[in-house]
Amino acid sequence: KEPEVPGAASREVLAQRLNVLAYWLYLITAMVVAMVVIGGLTRLTNSGLSMVEWRPLTGWLPPLSELDWALVFHKYKTSPEYREINVGMSLLEFKGIFWLEYFHRLWGRIIGLVFVIPFIIFAACGWISWHLGLRLLGLLILGGLQGALGWYMVQSGLIDIPHVSHFRLAAHLLLAIFILGFILWL
């Protein structure tokens, strides 16, 4: 029988916990990479200005009734993009550009949940050190800022011209790349 090494079991448990935390962060990384791709597709298909409101807490559900769709479409008709580029667009055509932007925003919310719920559980179970907890909290703040920066970018295309500011677009992408690097560093 081999002699027991003091603390060997606790080191093994700690290693398992660190692996779970690493896999969780890898999952978040993959989700952020997917978000960048979805954002790029949104940009390439000119779908990004189809949602003219930002409802970070209540925007989970898409329009569910014909009345809801008519209201969302009516709001879009007040935008420069509709007036200058898509005038005469049908509701069916509008739905085509709406869904990609909706999914882009929904995916951001899902990333937030996949981050926050395990973070709370891991912290409550004592799996996260004080230093790592502060860094993860910083990451959470950056994620929230990314959503706000995305809306700030979209707003630039809803006022006078039917295009987002290239500076705001670049800032939105650069922050996403920074977030990716920060997650991988953690």
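This report describes the nonpolar cores, one backbone feature and the salt bridges of a predicted model.

**Nonpolar cores**

In soluble globular proteins, nonpolar side chains tend to be buried together. In this model, the largest nonpolar core contains 24 residues. Those with the most contacts inside this core are Trp24, Phe115, Ile128, Leu136, Leu139 and Ile183. Four elements each give two or more residues to the core: helix H1 (8-44), helix H4 (91-124), helix H5 (130-155) and helix H6 (166-185). Helix H1 provides the largest share, namely eight residues.

Phenylalanine 115 illustrates the contacts of one core residue. When residues up to four places away in sequence are not counted, Phe115 touches Trp24, Ile28, Leu136, Leu139 and Leu140. Apart from the largest core lies another one, of 11 residues, which includes Phe73, Tyr76, Ile97 and Tyr102.

**A backbone feature in the loop after H1**

The loop between H1 and helix H2 (66-77) holds asparagine 46. The phi angle of this asparagine is near 55 degrees, which is a positive value in a residue other than glycine.

**Salt bridges**

How many salt bridges does a search of the whole structure find? The search finds three, and they are listed below.

| Residue pair | Closest N to O distance |
|---|---|
| Glutamate 53 and lysine 75 | 2.9 Å |
| Lysine 95 and glutamate 66 | 3.9 Å |
| Arginine 105 and glutamate 101 | 2.8 Å |

The pair of glutamate 53 and lysine 75 links distant parts of the chain, 22 residues apart. Glutamate 53 belongs to the loop between H1 and H2, whereas lysine 75 belongs to helix H2. Glutamate 53 has a relative accessible area of 34% and is therefore partly exposed, since that class lies between 20% and 50%. Lysine 75, at 26% relative accessibility, also counts as partly exposed.

The salt bridge between lysine 95 and glutamate 66 likewise links distant parts of the chain, with lysine 95 in helix H4 and glutamate 66 in helix H2, 29 residues apart. Glutamate 66 counts as exposed because its relative accessibility is 54%, and exposed means over 50%.

Where do arginine 105 and glutamate 101 lie, and how many residues apart are they? Both residues lie in helix H4, four residues apart, which is about one turn of the helix. Are arginine 105 and glutamate 101 buried or exposed? Both are buried.

Definitions and conventions. Residues are numbered from 1 along each chain as its sequence is written. This is a predicted model: local features need pLDDT of at least 70, side-chain atom pairs count only at pLDDT 80 or more; totals for chains, interfaces and linings use all residues. Side-chain values use heavy atoms; hydrogens and water are left out. A nonpolar core is a set of buried Ala, Val, Leu, Ile, Met, Phe, Trp, Tyr and Cys residues joined through side-chain atoms within 4.5 Å. Buried means under 20% relative accessible area, exposed over 50%, partly exposed in between (1.4 Å probe, protein chains only). Contact means heavy atoms within 4.5 Å. A salt bridge is a side-chain nitrogen of Lys or Arg within 4 Å of a carboxyl oxygen of Asp or Glu.
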